[in-house]
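Please look over the structure below before reading on. The numbered points that follow take up the contact between its domains and then its salt bridges.

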Amino acid sequence: MNERIKSAAAFEEAKQIIPGGVNSPVRALKSVGTTPLFVRDAKGPYIYDIDDNKFIDFCMSWGVFILGHNNDKVSKAASDAIFHGSSFGIPTLAETTLAEKVRESFPSMERLRFVNSGTEATMSAIRVARGFTGRDILVKFEGCYHGHADHLLVSAGSAVAKLNNASSAGVPAGFTQYTVVLPYNDTEALEKYFAGNGDKVAALIIEPVACNMGVVPPTHEFIEATRKVTQEHGAILIFDEVITGFRLSYGGAQKRFGITPDMTTVGKIVGGGFPAAAFGGRADIMSVLAPEGPVYQAGTLSGNPVAMAAGYETLKQLGEPGVYELLEERSNRFLSRLEKIVEGKGIQVNHVGTMFTMFFNDQPVRNFQDTKKSDQERFARYFRNMLDRGIYVSPSQFEGNFISLCHTDEILDYVLKSIEESIE
Ligand SMILES: *Cc1c(COP(=O)(O)O)cnc(C)c1O
(Lines give C-alpha, C1' and ligand atoms only; values in the text may rest on other atoms or scores of the structure.)
Protein backbone atom coordinates (compact mmCIF):
# COMPACT_ATOMS: atom_id res chain seq x y z
CA MET A 1 0.00 0.00 0.00
CA ASN A 2 1.47 3.31 -1.08
CA GLU A 3 0.66 6.81 0.17
CA ARG A 4 -0.34 9.34 -2.46
CA ILE A 5 -0.54 12.47 -0.33
CA LYS A 6 1.38 14.86 -2.60
CA SER A 7 -0.57 13.71 -5.65
CA ALA A 8 -3.85 14.31 -3.83
CA ALA A 9 -2.76 17.87 -2.97
CA ALA A 10 -1.49 18.48 -6.51
CA PHE A 11 -4.85 17.38 -7.88
CA GLU A 12 -6.69 19.83 -5.60
CA GLU A 13 -4.45 22.64 -6.81
CA ALA A 14 -4.83 21.64 -10.48
CA LYS A 15 -8.61 21.60 -10.15
CA GLN A 16 -8.54 25.29 -9.23
CA ILE A 17 -7.27 26.19 -12.67
CA ILE A 18 -7.64 23.23 -15.09
CA PRO A 19 -11.22 21.94 -15.53
CA GLY A 20 -11.43 18.68 -13.60
CA GLY A 21 -7.73 19.07 -12.85
CA VAL A 22 -6.79 17.31 -16.09
CA ASN A 23 -6.13 18.01 -19.76
CA SER A 24 -7.96 14.86 -20.90
CA PRO A 25 -10.97 13.54 -18.95
CA VAL A 26 -9.99 9.89 -18.39
CA ARG A 27 -6.92 11.03 -16.42
CA ALA A 28 -9.12 12.22 -13.55
CA LEU A 29 -9.81 8.57 -12.55
CA LYS A 30 -13.36 9.54 -11.67
CA SER A 31 -14.94 6.32 -12.93
CA VAL A 32 -12.60 4.21 -10.78
CA GLY A 33 -13.38 6.20 -7.65
CA THR A 34 -9.99 7.65 -6.86
CA THR A 35 -7.72 10.58 -7.76
CA PRO A 36 -4.79 10.70 -10.17
CA LEU A 37 -1.12 10.13 -9.59
CA PHE A 38 1.07 13.01 -10.58
CA VAL A 39 4.01 11.59 -12.47
CA ARG A 40 7.53 12.76 -11.79
CA ASP A 41 9.55 10.42 -14.05
CA ALA A 42 9.17 7.36 -16.19
CA LYS A 43 11.64 4.75 -17.38
CA GLY A 44 11.06 1.45 -19.13
CA PRO A 45 7.93 -0.20 -17.71
CA TYR A 46 7.84 2.07 -14.64
CA ILE A 47 6.34 5.40 -13.68
CA TYR A 48 7.36 7.24 -10.51
CA ASP A 49 4.98 9.65 -8.84
CA ILE A 50 5.69 12.80 -6.83
CA ASP A 51 5.23 10.82 -3.58
CA ASP A 52 8.20 8.62 -4.69
CA ASN A 53 6.05 5.58 -5.40
CA LYS A 54 6.98 3.28 -8.25
CA PHE A 55 4.37 1.67 -10.47
CA ILE A 56 4.47 -0.90 -13.25
CA ASP A 57 2.61 0.85 -16.06
CA PHE A 58 0.14 -0.87 -18.38
CA CYS A 59 -1.30 2.33 -19.80
CA MET A 60 2.02 3.43 -21.37
CA SER A 61 0.63 6.81 -22.39
CA TRP A 62 -2.27 4.97 -24.03
CA GLY A 63 -0.09 2.66 -26.02
CA VAL A 64 2.50 5.18 -27.19
CA PHE A 65 5.51 3.58 -25.52
CA ILE A 66 5.85 0.17 -27.11
CA LEU A 67 9.62 0.43 -26.53
CA GLY A 68 9.04 1.39 -22.89
CA HIS A 69 9.10 4.86 -21.35
CA ASN A 70 11.97 7.22 -21.97
CA ASN A 71 13.93 5.00 -24.34
CA ASP A 72 17.54 6.26 -24.29
CA LYS A 73 17.94 6.51 -28.06
CA VAL A 74 14.53 8.11 -28.63
CA SER A 75 15.14 10.70 -25.90
CA LYS A 76 18.55 11.45 -27.35
CA ALA A 77 17.22 11.79 -30.92
CA ALA A 78 14.60 14.24 -29.69
CA SER A 79 16.99 16.31 -27.58
CA ASP A 80 19.53 16.44 -30.44
CA ALA A 81 16.79 17.73 -32.74
CA ILE A 82 15.78 20.44 -30.26
CA PHE A 83 19.23 22.00 -30.41
CA HIS A 84 18.82 22.52 -34.16
CA GLY A 85 15.64 24.51 -33.59
CA SER A 86 12.28 23.04 -32.67
CA SER A 87 9.96 24.45 -35.35
CA PHE A 88 10.31 26.44 -38.54
CA GLY A 89 7.08 26.39 -40.51
CA ILE A 90 9.38 25.57 -43.43
CA PRO A 91 10.03 22.04 -44.77
CA THR A 92 12.74 19.84 -43.25
CA LEU A 93 14.35 16.61 -44.45
CA ALA A 94 13.11 14.84 -41.32
CA GLU A 95 9.51 14.98 -42.60
CA THR A 96 10.27 13.14 -45.84
CA THR A 97 12.50 10.67 -44.02
CA LEU A 98 9.80 9.71 -41.53
CA ALA A 99 7.11 9.66 -44.24
CA GLU A 100 9.21 7.17 -46.21
CA LYS A 101 9.71 5.10 -43.08
CA VAL A 102 5.95 5.01 -42.45
CA ARG A 103 5.24 4.02 -46.06
CA GLU A 104 7.84 1.26 -45.87
CA SER A 105 5.72 -0.39 -43.17
CA PHE A 106 2.29 0.74 -44.49
CA PRO A 107 2.54 0.39 -48.29
CA SER A 108 -1.14 1.36 -48.59
CA MET A 109 -0.16 4.88 -47.47
CA GLU A 110 1.24 5.85 -50.86
CA ARG A 111 1.08 9.52 -49.86
CA LEU A 112 0.79 10.78 -46.31
CA ARG A 113 0.78 13.97 -44.34
CA PHE A 114 1.76 14.60 -40.72
CA VAL A 115 -0.46 16.33 -38.18
CA ASN A 116 -0.22 16.79 -34.41
CA SER A 117 -2.80 14.37 -33.02
CA GLY A 118 -4.96 11.40 -33.86
CA THR A 119 -7.98 13.68 -33.74
CA GLU A 120 -6.54 15.80 -36.53
CA ALA A 121 -5.56 12.74 -38.54
CA THR A 122 -9.06 11.22 -38.62
CA MET A 123 -10.73 14.59 -39.14
CA SER A 124 -8.45 15.33 -42.09
CA ALA A 125 -8.76 11.84 -43.59
CA ILE A 126 -12.55 12.14 -43.56
CA ARG A 127 -12.43 15.56 -45.21
CA VAL A 128 -10.19 14.15 -47.94
CA ALA A 129 -12.53 11.18 -48.45
CA ARG A 130 -15.50 13.53 -48.76
CA GLY A 131 -13.62 15.83 -51.11
CA PHE A 132 -12.54 12.91 -53.26
CA THR A 133 -15.92 11.19 -53.49
CA GLY A 134 -18.11 14.30 -53.48
CA ARG A 135 -20.33 12.48 -50.97
CA ASP A 136 -21.27 13.41 -47.40
CA ILE A 137 -22.15 10.36 -45.33
CA LEU A 138 -19.66 8.90 -42.90
CA VAL A 139 -20.26 5.45 -41.45
CA LYS A 140 -18.70 4.67 -38.07
CA PHE A 141 -19.22 1.93 -35.52
CA GLU A 142 -20.66 2.11 -32.05
CA GLY A 143 -17.97 2.22 -29.36
CA CYS A 144 -15.19 3.16 -31.79
CA TYR A 145 -13.34 6.35 -30.88
CA HIS A 146 -11.75 8.49 -33.54
CA GLY A 147 -10.80 11.58 -31.55
CA HIS A 148 -12.95 14.49 -30.44
CA ALA A 149 -14.00 16.18 -33.69
CA ASP A 150 -17.68 17.25 -33.57
CA HIS A 151 -19.05 14.88 -36.19
CA LEU A 152 -17.25 11.91 -34.63
CA LEU A 153 -18.69 12.25 -31.13
CA VAL A 154 -21.57 9.95 -31.87
CA SER A 155 -21.67 6.71 -29.90
CA ALA A 156 -17.97 7.10 -29.31
CA GLY A 157 -15.91 5.00 -26.95
CA SER A 158 -12.99 6.00 -24.69
CA ALA A 159 -13.66 8.76 -22.15
CA VAL A 160 -16.89 9.62 -23.95
CA ALA A 161 -18.19 6.19 -23.01
CA LYS A 162 -17.07 6.60 -19.42
CA LEU A 163 -18.84 9.91 -19.01
CA ASN A 164 -21.95 8.11 -20.13
CA ASN A 165 -22.72 10.58 -22.91
CA ALA A 166 -23.94 9.03 -26.10
CA SER A 167 -22.56 12.20 -27.55
CA SER A 168 -21.29 15.49 -26.14
CA ALA A 169 -22.91 18.77 -25.26
CA GLY A 170 -21.82 21.58 -27.52
CA VAL A 171 -22.22 19.64 -30.75
CA PRO A 172 -25.09 21.05 -32.87
CA ALA A 173 -27.40 18.29 -34.14
CA GLY A 174 -26.70 19.44 -37.70
CA PHE A 175 -23.02 18.62 -37.31
CA THR A 176 -23.72 14.93 -36.86
CA GLN A 177 -26.50 14.57 -39.42
CA TYR A 178 -24.16 12.88 -41.90
CA THR A 179 -22.68 10.47 -39.35
CA VAL A 180 -24.26 7.02 -39.43
CA VAL A 181 -23.52 4.64 -36.57
CA LEU A 182 -23.67 0.87 -36.98
CA PRO A 183 -22.99 -1.89 -34.41
CA TYR A 184 -19.45 -3.34 -34.37
CA ASN A 185 -19.10 -6.94 -35.52
CA ASP A 186 -22.55 -6.99 -37.13
CA THR A 187 -21.89 -7.98 -40.73
CA GLU A 188 -25.57 -8.23 -41.56
CA ALA A 189 -26.34 -4.66 -40.43
CA LEU A 190 -23.33 -3.40 -42.40
CA GLU A 191 -24.32 -5.17 -45.60
CA LYS A 192 -27.92 -4.10 -45.24
CA TYR A 193 -27.01 -0.44 -44.76
CA PHE A 194 -24.70 -0.40 -47.77
CA ALA A 195 -27.22 -2.25 -49.94
CA GLY A 196 -29.68 0.60 -49.36
CA ASN A 197 -27.39 3.62 -49.05
CA GLY A 198 -23.91 2.65 -50.20
CA ASP A 199 -23.77 5.09 -53.11
CA LYS A 200 -24.20 8.04 -50.71
CA VAL A 201 -21.37 6.98 -48.40
CA ALA A 202 -18.14 8.98 -48.62
CA ALA A 203 -16.23 6.88 -46.12
CA LEU A 204 -16.43 4.10 -43.59
CA ILE A 205 -14.07 4.60 -40.66
CA ILE A 206 -13.23 1.78 -38.29
CA GLU A 207 -10.78 0.78 -35.61
CA PRO A 208 -9.70 -2.51 -37.21
CA VAL A 209 -9.35 -3.81 -33.67
CA ALA A 210 -11.55 -1.72 -31.40
CA CYS A 211 -9.49 -0.45 -28.46
CA ASN A 212 -11.57 2.39 -27.07
CA MET A 213 -14.45 0.31 -25.73
CA GLY A 214 -11.88 -1.98 -24.22
CA VAL A 215 -10.17 -4.32 -26.68
CA VAL A 216 -12.74 -5.89 -29.00
CA PRO A 217 -11.36 -7.80 -31.98
CA PRO A 218 -13.37 -7.95 -35.19
CA THR A 219 -14.57 -11.26 -36.53
CA HIS A 220 -12.85 -12.27 -39.72
CA GLU A 221 -16.13 -12.06 -41.60
CA PHE A 222 -16.88 -8.56 -40.33
CA ILE A 223 -13.54 -6.94 -41.12
CA GLU A 224 -13.54 -8.54 -44.58
CA ALA A 225 -17.02 -7.14 -45.15
CA THR A 226 -15.86 -3.56 -44.46
CA ARG A 227 -13.51 -3.89 -47.46
CA LYS A 228 -16.08 -5.62 -49.65
CA VAL A 229 -19.02 -3.23 -49.18
CA THR A 230 -16.93 -0.07 -49.54
CA GLN A 231 -15.30 -1.39 -52.71
CA GLU A 232 -18.66 -2.33 -54.19
CA HIS A 233 -20.13 1.11 -53.55
CA GLY A 234 -17.16 3.37 -54.26
CA ALA A 235 -16.83 4.47 -50.63
CA ILE A 236 -13.44 5.08 -49.01
CA LEU A 237 -12.38 2.57 -46.37
CA ILE A 238 -10.43 4.30 -43.59
CA PHE A 239 -8.61 2.16 -41.06
CA ASP A 240 -8.07 4.24 -37.94
CA GLU A 241 -4.82 2.68 -36.78
CA VAL A 242 -3.92 5.45 -34.33
CA ILE A 243 -3.53 2.73 -31.69
CA THR A 244 -3.02 -0.43 -33.73
CA GLY A 245 -0.50 0.97 -36.23
CA PHE A 246 3.02 -0.15 -35.24
CA ARG A 247 1.48 -2.09 -32.36
CA LEU A 248 -0.13 -5.15 -33.93
CA SER A 249 2.72 -5.53 -36.39
CA TYR A 250 5.20 -3.38 -38.29
CA GLY A 251 2.35 -2.48 -40.60
CA GLY A 252 -0.52 -2.49 -38.13
CA ALA A 253 -3.80 -4.37 -38.22
CA GLN A 254 -4.01 -4.18 -42.01
CA LYS A 255 -0.90 -6.27 -42.36
CA ARG A 256 -2.02 -8.67 -39.66
CA PHE A 257 -5.41 -9.18 -41.33
CA GLY A 258 -4.18 -8.92 -44.93
CA ILE A 259 -6.68 -6.20 -45.81
CA THR A 260 -5.74 -3.07 -47.73
CA PRO A 261 -7.78 0.01 -46.83
CA ASP A 262 -7.93 3.09 -49.08
CA MET A 263 -6.80 5.38 -46.28
CA THR A 264 -5.10 4.96 -42.91
CA THR A 265 -4.50 7.08 -39.85
CA VAL A 266 -1.61 6.41 -37.48
CA GLY A 267 -0.73 8.21 -34.26
CA LYS A 268 0.46 7.43 -30.74
CA ILE A 269 3.57 5.28 -31.47
CA VAL A 270 4.51 7.19 -34.66
CA GLY A 271 5.45 10.32 -32.71
CA GLY A 272 7.69 8.46 -30.27
CA GLY A 273 6.02 10.27 -27.35
CA PHE A 274 5.68 13.66 -29.06
CA PRO A 275 2.59 15.16 -30.67
CA ALA A 276 2.57 13.62 -34.14
CA ALA A 277 0.14 11.56 -36.17
CA ALA A 278 -0.37 10.99 -39.87
CA PHE A 279 -3.09 10.33 -42.40
CA GLY A 280 -2.51 8.90 -45.82
CA GLY A 281 -3.66 6.53 -48.49
CA ARG A 282 -3.94 5.97 -52.20
CA ALA A 283 -2.03 8.61 -54.19
CA ASP A 284 -5.07 9.58 -56.27
CA ILE A 285 -7.15 10.15 -53.13
CA MET A 286 -4.45 12.15 -51.32
CA SER A 287 -3.91 14.37 -54.37
CA VAL A 288 -7.12 16.26 -53.55
CA LEU A 289 -5.22 17.99 -50.73
CA ALA A 290 -4.18 21.63 -51.14
CA PRO A 291 -1.97 22.83 -52.77
CA GLU A 292 -2.46 20.03 -55.33
CA GLY A 293 -6.23 19.95 -54.97
CA PRO A 294 -9.24 21.69 -53.42
CA VAL A 295 -9.32 20.12 -49.92
CA TYR A 296 -7.82 22.44 -47.30
CA GLN A 297 -5.81 21.13 -44.36
CA ALA A 298 -2.90 22.75 -42.51
CA GLY A 299 -0.93 22.96 -39.26
CA THR A 300 1.62 25.36 -37.73
CA LEU A 301 3.50 22.59 -35.92
CA SER A 302 2.71 19.74 -38.35
CA GLY A 303 5.76 17.64 -39.15
CA ASN A 304 7.51 19.10 -36.12
CA PRO A 305 11.21 18.22 -36.29
CA VAL A 306 11.48 17.04 -32.68
CA ALA A 307 8.51 14.73 -33.11
CA MET A 308 9.84 13.52 -36.47
CA ALA A 309 13.20 12.63 -34.90
CA ALA A 310 11.60 10.75 -32.00
CA GLY A 311 9.21 8.98 -34.35
CA TYR A 312 11.99 7.96 -36.70
CA GLU A 313 14.16 6.52 -33.92
CA THR A 314 11.13 4.62 -32.57
CA LEU A 315 10.26 3.09 -35.94
CA LYS A 316 13.89 2.26 -36.56
CA GLN A 317 14.02 0.18 -33.39
CA LEU A 318 10.66 -1.43 -34.12
CA GLY A 319 11.79 -2.39 -37.62
CA GLU A 320 14.64 -4.50 -36.32
CA PRO A 321 14.17 -8.24 -36.84
CA GLY A 322 12.44 -10.20 -34.10
CA VAL A 323 10.92 -7.28 -32.20
CA TYR A 324 7.28 -8.12 -32.83
CA GLU A 325 7.93 -11.84 -32.46
CA LEU A 326 9.36 -11.21 -29.00
CA LEU A 327 6.42 -8.96 -28.07
CA GLU A 328 3.90 -11.58 -29.23
CA GLU A 329 5.67 -14.43 -27.49
CA ARG A 330 5.75 -12.63 -24.15
CA SER A 331 2.20 -11.39 -24.49
CA ASN A 332 0.86 -14.80 -25.44
CA ARG A 333 2.51 -16.43 -22.47
CA PHE A 334 1.16 -13.76 -20.11
CA LEU A 335 -2.33 -13.73 -21.59
CA SER A 336 -2.81 -17.49 -21.65
CA ARG A 337 -1.84 -17.62 -17.98
CA LEU A 338 -4.14 -14.70 -17.26
CA GLU A 339 -7.01 -16.53 -18.93
CA LYS A 340 -6.45 -19.49 -16.60
CA ILE A 341 -6.37 -17.25 -13.53
CA VAL A 342 -9.70 -15.61 -14.30
CA GLU A 343 -11.48 -18.81 -15.32
CA GLY A 344 -14.86 -19.11 -13.61
CA LYS A 345 -14.48 -15.64 -12.04
CA GLY A 346 -16.87 -13.73 -14.32
CA ILE A 347 -14.08 -12.08 -16.28
CA GLN A 348 -13.43 -12.06 -20.03
CA VAL A 349 -9.92 -11.41 -21.27
CA ASN A 350 -10.12 -9.88 -24.74
CA HIS A 351 -6.79 -9.54 -26.48
CA VAL A 352 -4.91 -9.14 -29.74
CA GLY A 353 -1.11 -9.13 -29.73
CA THR A 354 0.14 -6.83 -26.96
CA MET A 355 -3.25 -5.25 -26.20
CA PHE A 356 -5.75 -6.62 -23.71
CA THR A 357 -8.75 -5.74 -21.58
CA MET A 358 -10.16 -7.66 -18.62
CA PHE A 359 -13.92 -7.22 -18.82
CA PHE A 360 -15.77 -7.89 -15.58
CA ASN A 361 -18.50 -9.62 -17.50
CA ASP A 362 -19.95 -13.17 -17.52
CA GLN A 363 -20.54 -13.15 -21.27
CA PRO A 364 -18.29 -12.79 -24.30
CA VAL A 365 -17.73 -9.13 -25.30
CA ARG A 366 -18.10 -8.56 -29.03
CA ASN A 367 -19.54 -5.06 -29.32
CA PHE A 368 -20.33 -1.86 -27.43
CA GLN A 369 -23.60 -3.15 -25.97
CA ASP A 370 -21.73 -6.12 -24.50
CA THR A 371 -19.00 -3.91 -23.00
CA LYS A 372 -21.61 -1.74 -21.31
CA LYS A 373 -22.95 -4.76 -19.43
CA SER A 374 -19.61 -5.08 -17.61
CA ASP A 375 -19.54 -4.57 -13.85
CA GLN A 376 -17.87 -1.17 -13.57
CA GLU A 377 -18.01 -1.17 -9.78
CA ARG A 378 -16.01 -4.39 -9.71
CA PHE A 379 -13.58 -2.98 -12.25
CA ALA A 380 -13.08 0.11 -10.08
CA ARG A 381 -12.24 -2.05 -7.04
CA TYR A 382 -9.83 -4.08 -9.16
CA PHE A 383 -8.13 -0.91 -10.42
CA ARG A 384 -7.66 0.44 -6.88
CA ASN A 385 -6.38 -2.93 -5.61
CA MET A 386 -3.82 -3.03 -8.40
CA LEU A 387 -2.76 0.54 -7.75
CA ASP A 388 -2.19 -0.30 -4.08
CA ARG A 389 0.04 -3.15 -5.27
CA GLY A 390 2.09 -0.76 -7.41
CA ILE A 391 0.53 -1.53 -10.77
CA TYR A 392 -1.11 1.12 -12.94
CA VAL A 393 -3.57 -0.60 -15.26
CA SER A 394 -5.52 1.50 -17.74
CA PRO A 395 -8.02 3.34 -15.55
CA SER A 396 -11.26 2.33 -17.23
CA GLN A 397 -13.24 -0.72 -18.22
CA PHE A 398 -13.47 0.87 -21.68
CA GLU A 399 -9.75 1.03 -22.41
CA GLY A 400 -6.95 -1.29 -23.37
CA ASN A 401 -3.75 -2.25 -21.56
CA PHE A 402 -0.45 -2.26 -23.40
CA ILE A 403 2.53 -4.55 -23.03
CA SER A 404 5.88 -3.03 -24.02
CA LEU A 405 9.29 -4.45 -24.80
CA CYS A 406 10.28 -3.52 -21.23
CA HIS A 407 7.62 -5.71 -19.62
CA THR A 408 9.84 -8.71 -18.94
CA ASP A 409 8.55 -12.15 -18.02
CA GLU A 410 9.62 -11.47 -14.44
CA ILE A 411 7.51 -8.30 -14.26
CA LEU A 412 4.58 -10.01 -15.93
CA ASP A 413 4.77 -12.87 -13.40
CA TYR A 414 4.50 -10.38 -10.56
CA VAL A 415 1.53 -8.77 -12.30
CA LEU A 416 -0.24 -12.12 -12.69
CA LYS A 417 0.18 -12.81 -8.98
CA SER A 418 -1.20 -9.37 -8.17
CA ILE A 419 -4.18 -9.82 -10.47
CA GLU A 420 -4.94 -13.15 -8.81
CA GLU A 421 -4.92 -11.50 -5.36
CA SER A 422 -6.80 -8.41 -6.53
CA ILE A 423 -9.77 -10.22 -7.95
CA GLU A 424 -10.27 -12.39 -4.86
C1 LIG B 1 -6.16 7.91 -29.41
C2 LIG B 1 -7.01 7.71 -30.62
C3 LIG B 1 -7.45 8.77 -31.42
C4 LIG B 1 -7.24 10.21 -31.04
O5 LIG B 1 -5.90 10.55 -31.00
P6 LIG B 1 -5.45 11.85 -30.15
O7 LIG B 1 -4.00 11.94 -30.41
O8 LIG B 1 -5.81 11.56 -28.74
O9 LIG B 1 -6.23 13.00 -30.70
C10 LIG B 1 -8.12 8.48 -32.58
N11 LIG B 1 -8.38 7.21 -32.93
C12 LIG B 1 -7.99 6.16 -32.18
C13 LIG B 1 -8.28 4.79 -32.64
C14 LIG B 1 -7.32 6.39 -31.00
O15 LIG B 1 -6.97 5.35 -30.23
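**Note on the domain interface and salt bridges**

1. Domain 1 and domain 2 bury about 3,000 Å² between them, with 64% of that area on carbon and sulfur atoms. On the side of domain 1, Tyr324, Met355 and Phe368 lose the most area to domain 2, and together they make up 22% of what that side buries. Please keep in mind that this is a predicted model.

2. The domain assignment splits the protein chain into domain 1, made of residues 5-70 + 322-421, and domain 2, covering 72-319. Each domain contributes to the contact: 36 residues come from domain 1 and 36 residues from domain 2. The C-alpha centres of domain 1 and domain 2 are 24 Å apart.

3. Polar links also cross this interface. Between domain 1 and domain 2 there are 13 residue pairs in polar contact, and the count of salt bridges between them is two.

4. Which elements give two or more residues to the side of domain 1 that touches domain 2? They are helix H2 (60-63), helix H12 (323-342), strand E11 (348-352), strand E12 (355-359) and helix H13 (368-372). E12 gives the most, with four residues. By residue type, this side of domain 1 divides into 18 nonpolar, 14 polar and four charged.

5. Over the whole structure, a search finds 19 salt bridges. One of them joins the side chains of Asp72 and Lys43, at 2.7 Å from N to O. Another salt bridge is formed by the side chains of Arg40 and Asp41, with an N to O distance of 2.7 Å. Arg40 counts as partly exposed at 43% relative accessibility, and Asp41 counts as partly exposed at 38%.

6. Asp413 and Arg337 meet through their side chains in a salt bridge of 2.7 Å, N to O. Asp413 lies in helix H15 (residues 409-423) and Arg337 in helix H12, so this pair ties together parts that are 76 residues apart in sequence. Is Asp413 buried or partly exposed? Asp413 is partly exposed, with a relative accessible area of 29%; Arg337, at 35% relative accessibility, also counts as partly exposed.

7. Salt bridges that share partners join Arg227, Asp262, Arg282 and Asp284 into one network. Within this group, Arg282 forms a salt bridge with Asp284, and their closest N and O atoms are 2.9 Å apart. Arg282 is partly exposed, with a relative accessible area of 30%, and Asp284 is partly exposed, with a relative accessible area of 38%.

Definitions and conventions: Residues numbered from 1 in each chain as written. Predicted model: local features only at pLDDT ≥ 70, side-chain atom pairs only at ≥ 80, totals over all residues. Heavy atoms only, no water. Domains from an automatic or database assignment. Contact = heavy atoms within 4.5 Å. Buried area = accessible area lost by both parts, 1.4 Å probe. Salt bridge = Lys/Arg side-chain N within 4 Å of Asp/Glu carboxyl O. Polar contact = N/O pair within 3.5 Å; in protein donor to acceptor, adjacent residues only side chain to side chain. Nonpolar A, V, L, I, M, F, W, Y, C, P; charged D, E, K, R; others polar. Buried < 20%, exposed > 50% of the residue type's maximum accessible area, 1.4 Å probe, protein only.
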